[in-house]
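Colleague: I should be grateful for a close look at one part of this model, namely the sheet and what surrounds it. Please take me through it in a connected account.

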Amino acid sequence: MTSSQTHTFVCQECRRSIEVDGAMRATLLETGCVVCGAPVTESDIADLQTA
Ligand SMILES: [Zn+2]
């Protein structure tokens, strides 16, 4: 199975946009934004969709 889905994280504090995979997503939720350290919630990370 390929569960390496790509997500786009946009920090509400520093407005930085970062593409993350599943593992990085979990890390962000746990440790916060890698740029400014602001807390990250699930709603800050969206699945990449071609809508
Ligand atoms: Zn940030």
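Modeller: The account below begins with the whole chain and then turns to the sheet, its strands and the residues around them.

The model is a predicted one. The protein chain averages a pLDDT of 89, and 86% of the residues score at least 70. Confidence in the protein chain is highest in α1, at a mean of 95, and lowest in β3, at 87. Where pLDDT is low, the predicted coordinates should not be read in detail.

The protein chain has 3 strands and 1 helix, and along the sequence these follow the pattern β-β-α-β. Of its 51 residues, 6% count as buried. Among contacts between residues at least 6 apart in sequence, 39% join residues at least 24 apart.

The 3 strands form an open sheet in the order β2-β1-β3, with antiparallel pairing. The edge strands are β2 and β3, each of which pairs on one side only. From one strand to the next, the twist averages 25°. Strands of a sheet pair through backbone hydrogen bonds, either parallel or antiparallel.

Strand β1 comprises residues 7-10 and is joined to β3 by 3 bridges, the two strands running antiparallel. Strand β3 itself covers residues 45-47. Towards β2, β1 has 4 bridges, again in an antiparallel arrangement.

Individual pairs show how these strands are aligned. His-7 has Val-20 as its bridge partner in β2, and His-7 also stands opposite Asp-47 in β3. Thr-8 stands opposite Ala-46 in β3, while Phe-9 stands opposite Ile-18 in β2. In a regular strand the side chains alternate between the two faces of the sheet.

Val-20 deserves a closer view. This residue lies in strand β2, which spans residues 17-20. Val-20 is partly exposed, because 18 other C-beta atoms lie within 10 Å, whereas a buried residue needs 20 or more. Beyond residues up to four places away in sequence, Val-20 touches His-7, Phe-9, Arg-25, Leu-28 and Ile-45. Of these contacts, His-7 is also the bridge partner of Val-20. Across the sequence, Val-20 and Asp-47 are 27 residues apart, yet their C-alpha atoms are 9.6 Å apart in space. His-7 provides a link between these two residues, with Val-20 as its partner in β2 and Asp-47 opposite it in β3.

The helix is the next element to place against the sheet. Helix α1, made of residues 22-31, lies across β1, β2 and β3 and runs at about 130° to β2. The helix is hardly covered, with 1 buried residue among its 10 residues. Just after α1, Gly-32 takes a positive phi of about 95°.

The connection from β1 to β2 also merits attention. These two strands form a hairpin with 6 residues between them, in which Arg-15 takes a positive phi near 65°. Arg-15 is not a glycine. Most residues other than glycine have a negative phi, and most peptide bonds are trans. Arg-15 lies in the loop between β1 and β2, and it counts as exposed because it has 9 C-beta neighbours inside 10 Å; the limit for that class is 12 or fewer.

Cys-11 is likewise placed in the loop between β1 and β2. Cys-11 is buried, because 20 other C-beta atoms lie within 10 Å, and 20 is the count at which a residue enters that class. Leaving aside neighbours within four places in sequence, Cys-11 is in contact with Arg-16, Cys-33, Val-35, Cys-36, Ala-38 and Asp-44. One of these contacts, Ala-38, is 27 residues from Cys-11 in sequence, while the C-alpha atoms of the two are 7.7 Å apart in space.

Taken together, the loop between β1 and β2 holds both the buried Cys-11 and the exposed Arg-15. Beside that loop, β1 is bridged to β2 and to β3, and helix α1 lies across these strands.

Notes: Residues are numbered from 1 along each chain as its sequence is written. This is a predicted model: local features need pLDDT of at least 70, side-chain atom pairs count only at pLDDT 80 or more; totals for chains, interfaces and linings use all residues. Two residues are in contact if their C-beta atoms, placed from the backbone, lie within 7 Å. Two strands pair if DSSP finds at least two bridges between them. Axes are lines fitted to C-alpha atoms, for helices over the stretch in contact, and angles run from 0 to 180 degrees between N-to-C directions. pLDDT is the predictor's confidence in each residue, from 0 to 100.
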